[in-house]
Amino acid sequence: MATTPQQRAQARTALTGLLLGAAGAVALVSCGGGGDASDGTASLRPTPTGPYTASFSGTPASALASLKGSAQARASAAASSASARASEFEASVSAEVARANAAAQRELKDVEGRGNAMADVSLTGKPRADTGDLLAVAVNIANRTDETASYAVQVEFRDSDGKLVETRYVGAEDLAPGAREQPLAISRTPAGQQLTAEITKAQRH
């Protein structure tokens, strides 16, 4: 069937529209699909990331609990160690010395005043590093007579207000003329308390 020039022009216009629509569809598929480096198109795939922590502060609760427990364990271990050192130091005092100290307490029980041997005794402090952090003083006893003698000494520990906190007794038995001994008076008061030691009685017998 013959066509007129007007019909042929309308057909060409319709064909051009179909071709342009197809080209647009191809372009959309190319942009939205998974392109690769070979065709120069960018791939818009989401990239997983970790949590944003720049604004976080502090330490996780589990870590804090661990640190607290560790600190408590260290404090407990230190206290146990100090107690053990103190016990070891006291244990180093022989049973014979302990017996002499008990005898000194009995001897001083009925002594009036300060006794007859204050001039023969004095105190020397002991470093806490050597005593397991206990307060201890060496009681210097010297027999200044020309006869064998025994001594009983009372040591008092007082706080900064002058209040009596603790009393200890030490003794030296059968000291030859000119001989000296240095028994220890040991306080069991906790190390944090500041105390002053003083000889309040000394009896030669």
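**Sheet.** I began with the strand pairing in this predicted model, and found an open sheet of 3 strands in the order S4-S3-S7, with antiparallel pairing. S4 and S7 stand at the edges with a single partner strand each, so one side of each has no neighbour in the sheet. I noted an average twist of 20° from one strand to the next. Between S3 and S4 I looked up the antiparallel pairing, which runs over 9 bridges, and in S4 I found Val-170 as the bridge partner of Val-153.

**Core.** Next I turned to the largest nonpolar core, which has 18 residues, and asked which of them touch the most other members. These are Val-139, Ile-141, Val-153, Val-155, Phe-157 and Ala-185. Two or more residues come from each of S2, S3, S4 and strand S7 (196–204), and S3 gives the most, with 5 residues. This fits the general expectation that nonpolar side chains tend to be buried together in soluble globular proteins. I followed Val-139 further and, leaving aside neighbours within four places in sequence, listed its contacts, among them Val-153, Val-155, Val-170, Ala-185 and Ile-199.

**Asn-143.** I then looked at Asn-143, which sits in the loop between strand S2 (135–142) and strand S3 (149–158), and asked whether this residue is buried or exposed. Asn-143 is buried, at a relative accessible area of 2%, and I therefore checked what its polar side chain reaches, given that the accessible area is only 2%. The side chain of Asn-143 comes to 2.8 Å from the backbone oxygen of Glu-147, and a polar atom of that side chain lies 2.9 Å from the backbone oxygen of Leu-175. Beyond four places in sequence, the contacts of Asn-143 include Tyr-151, Leu-175, Ala-176, Pro-177 and Gly-178.

**Asp-174.** In strand S4 (residues 164–175) I stopped at Asp-174, where phi is near 55°, a positive value in a residue other than glycine. With 60% relative accessibility, Asp-174 counts as exposed.

**Salt bridges.** I asked how many salt bridges the structure holds, and the answer is 5. Side chains of opposite charge can pair when their charged atoms come close. In the pair Arg-99 and Glu-173, the closest N and O atoms are 2.6 Å apart, and this pair links distant parts of the chain, with Arg-99 in helix H3 and Glu-173 in strand S4, 74 residues apart. Both ends are partly exposed, Arg-99 at 38% relative accessibility and Glu-173 at 31%.

The side chains of Asp-120 and Arg-204 also form a salt bridge, at 2.7 Å from N to O. Because Asp-120 lies in the loop between H3 and S1 and Arg-204 in strand S7, the pair ties together parts that are 84 residues apart in sequence. Asp-120 is buried, with a relative accessible area of 9%, whereas Arg-204 is partly exposed at 25%. Setting aside neighbours within four places in sequence, I found Asp-120 in contact with Asn-140, Ile-141, Ala-142, Arg-144, Tyr-151 and Arg-204.

I last looked up Arg-158 and Glu-156, which form a salt bridge with their closest N and O atoms 2.7 Å apart. Arg-158 is partly exposed at 26% relative accessibility, and Glu-156 is buried at 9%. Finally, I noted that salt bridges with shared partners join Asp-120, Arg-144 and Arg-204 into one network.

Key: Residues are numbered from 1 along each chain as its sequence is written. This is a predicted model: local features need pLDDT of at least 70, side-chain atom pairs count only at pLDDT 80 or more; totals for chains, interfaces and linings use all residues. Side-chain values use heavy atoms; hydrogens and water are left out. Helices (H or I, at least four residues) and strands (E, at least two) are DSSP runs, numbered from the N terminus. Buried means under 20% relative accessible area, exposed over 50%, partly exposed in between (1.4 Å probe, protein chains only). A polar contact is a pair of N or O atoms within 3.5 Å; within protein, one must be able to donate a hydrogen and the other to accept it, and residues adjacent in sequence count only if both atoms are side-chain atoms. Contact means heavy atoms within 4.5 Å. A nonpolar core is a set of buried Ala, Val, Leu, Ile, Met, Phe, Trp, Tyr and Cys residues joined through side-chain atoms within 4.5 Å. Two strands pair if DSSP finds at least two bridges between them. Axes are lines fitted to C-alpha atoms, for helices over the stretch in contact, and angles run from 0 to 180 degrees between N-to-C directions. A salt bridge is a side-chain nitrogen of Lys or Arg within 4 Å of a carboxyl oxygen of Asp or Glu.
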